[in-house]
Amino acid sequence: MKILFYGTRDYDRDSFSKVMDEYPEVQIEFTKTNLTWRTAVLAKGYDAVCAFVNANIRDAMTLEILAGFGIKLILMRCAGFDAVNIPMAKELGIRVCNVPAYSPEAIAEHAMALGLAANRRIVKGYNRVRENNYDLNNLVGVTLKGRTAGIVGTGRIGAALCRICKGFGMHVIGADLFPNKGLLEEGCVDEFVDVDDGLVDYDYLYERADFISLHAFLNAESYHMINDDTIAKMKDGVIFVNTGRGGLVDTEALIRGILSGKIGAAGLDVYEEENENVYKNRSGEVYESITARLTSFPNVVVTSHQAFFTEEALGEIARVTLTNATAYAKGAPDDEYVFRSIVC
């Protein structure tokens with residue numbers, strides 16, 4: 001089975017090359033070019049393609065071109081399906097696999113790191129010391145012990161962050177459409193907000209949490225769940241973290257919250273305009289950017305979708321992706337795909 005890997009970097013080549021001996025049924029080739037309708041023609045002669053979160057497979061034309069070349073499998077080496085037009089893939093008979101959980105702890109640890117760095121003004125303090133300035137003015141943060149953490153989405157990643165927050169001595173509130181009661185029994189969540197008729201009482205969390213971290217899925221219902229109205233319900237000076245999806249947050253509303261002091265610190269690994277920028281070097285360009293506005297604030301820390309980026313996570317991504325490819329090549333039933341990750 002021949003697979004073309006789109007949008008690859010050196011770390012992709014390294015992580016997949018390390019495990020290739022375990023998957024003799026699969027042959028892979030790499031290209032730095034990302035997958036769009038313009039580059040889909042490169043898939044001619046291959047059996048499947050593999051792409052990342054920053055690919056553009058939402059355009060029907062991309063999928064139609066791939067289908068025209070006989071592509072029946074798209075492997076996403078990420079957890080989300082945001083980049084794929086799933087209804088069109090189903091219509092064309094193309095299977096789409098993801099990597100549902102490669103390292104929840106990696107993302108949870110990064111979320112806490114962002115929150116701590118923003119809260120304690122680590123970047124600003126570091127830059128001062130580089131310039132031999134040891135003044136502490138405007139670097140004051142808050143102690144997390146004894147405060148309340150609100151975790152929106154308590155799947156594998158959210159649950160991992162709940163455990164970290166308990167380690168800091170925090171009271172943890174979870175919010176999820178399907179609350180995992182096991183987290184209560186484990187003692188890493190103190191309470192879940194109420195769910196009534198499919199609606200989660202996020203207001204309860206917003207009003208009580210000193211630290212809020214997003215780990216929810218992005219869909220029509222959750223799009224811009226953080227907006228002017230919801231920010232207004234939060235505590236003054238709340239620490240806000242997003243390692244979920246950029247579309248969960250209305251960025252202009254977030255900026256207004258930062259300027260008003262309602263958001264006391266913000267750590268962001270994802271943001272709305274990231275698809276145009278993520279994993280690209282645009283340091284030599286001049287362009288208007290909301291991200292540049294965010295990074296101008298001393299109480300904001302922004303990273304480039306790197307929360308997953310650990311050696312362990314890269315290794316798991318490689319193995320799960322190639323396991324799914326092997327299962328497809330063998331004509332295996334759906335339950336032999338990793339975590340039943342097949343969606344088409």
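How many positive and how many negative side chains does the chain have, and how far apart do the centres of the two sets lie? In this predicted model, the chain has 35 positive and 47 negative side chains, and the centres of these two sets are 4 Å apart.

**View 1. The whole chain, with its 13 helices and 14 strands.** The C-alpha trace spans about 60 × 50 × 35 Å along its principal axes, and the radius of gyration of 21 Å agrees with the value near 20 Å that a compact globule of 344 residues would have. Buried residues make up 51% of the chain, while carbon and sulfur atoms supply 49% of the roughly 16300 Å² that the chain exposes.

**View 2. The largest nonpolar core, which has 55 residues.** The residues with the most contacts inside this core are Ile3, Leu35, Ile57, Ile74, Met76 and Leu322. Several elements each supply at least two of its residues, among them strand 1 (2-5), helix 1 (10-19) and strand 4 (73-76), but helix 13 gives the most, with eight residues.

**View 3. The surroundings of Ile3 and a separate core.** Leaving aside its neighbours within four places in sequence, Ile3 is in contact with residues including Val26, Ile28, Tyr46, Val49, Leu75 and Ala325. Apart from the largest core lies another, of 30 residues, which include Val193, Ile226, Leu268 and Val300.

**View 4. Thr303, in the loop between strand 14 (300-302) and helix 13.** Thr303 counts as buried because its relative accessibility is 15%, which is under the 20% cut-off. Beyond its neighbours within four places in sequence, Thr303 is in contact with His110, Leu114, Leu268, Asp269 and Tyr271.

Methods. Residues are numbered from 1 along each chain as its sequence is written. This is a predicted model: local features need pLDDT of at least 70, side-chain atom pairs count only at pLDDT 80 or more; totals for chains, interfaces and linings use all residues. Side-chain values use heavy atoms; hydrogens and water are left out. A nonpolar core is a set of buried Ala, Val, Leu, Ile, Met, Phe, Trp, Tyr and Cys residues joined through side-chain atoms within 4.5 Å. Buried means under 20% relative accessible area, exposed over 50%, partly exposed in between (1.4 Å probe, protein chains only). Helices (H or I, at least four residues) and strands (E, at least two) are DSSP runs, numbered from the N terminus. Contact means heavy atoms within 4.5 Å. The radius of gyration is taken over C-alpha atoms; the globule rule is 2.2 Å times the number of residues to the power 0.38. Accessible areas come from the Shrake-Rupley method with a 1.4 Å probe; for residues, only the protein chains shown count as cover. Lys and Arg count as positive and Asp and Glu as negative; His and the chain ends are not counted. The place of a charge is taken as NZ of Lys, CZ of Arg, CG of Asp or CD of Glu.
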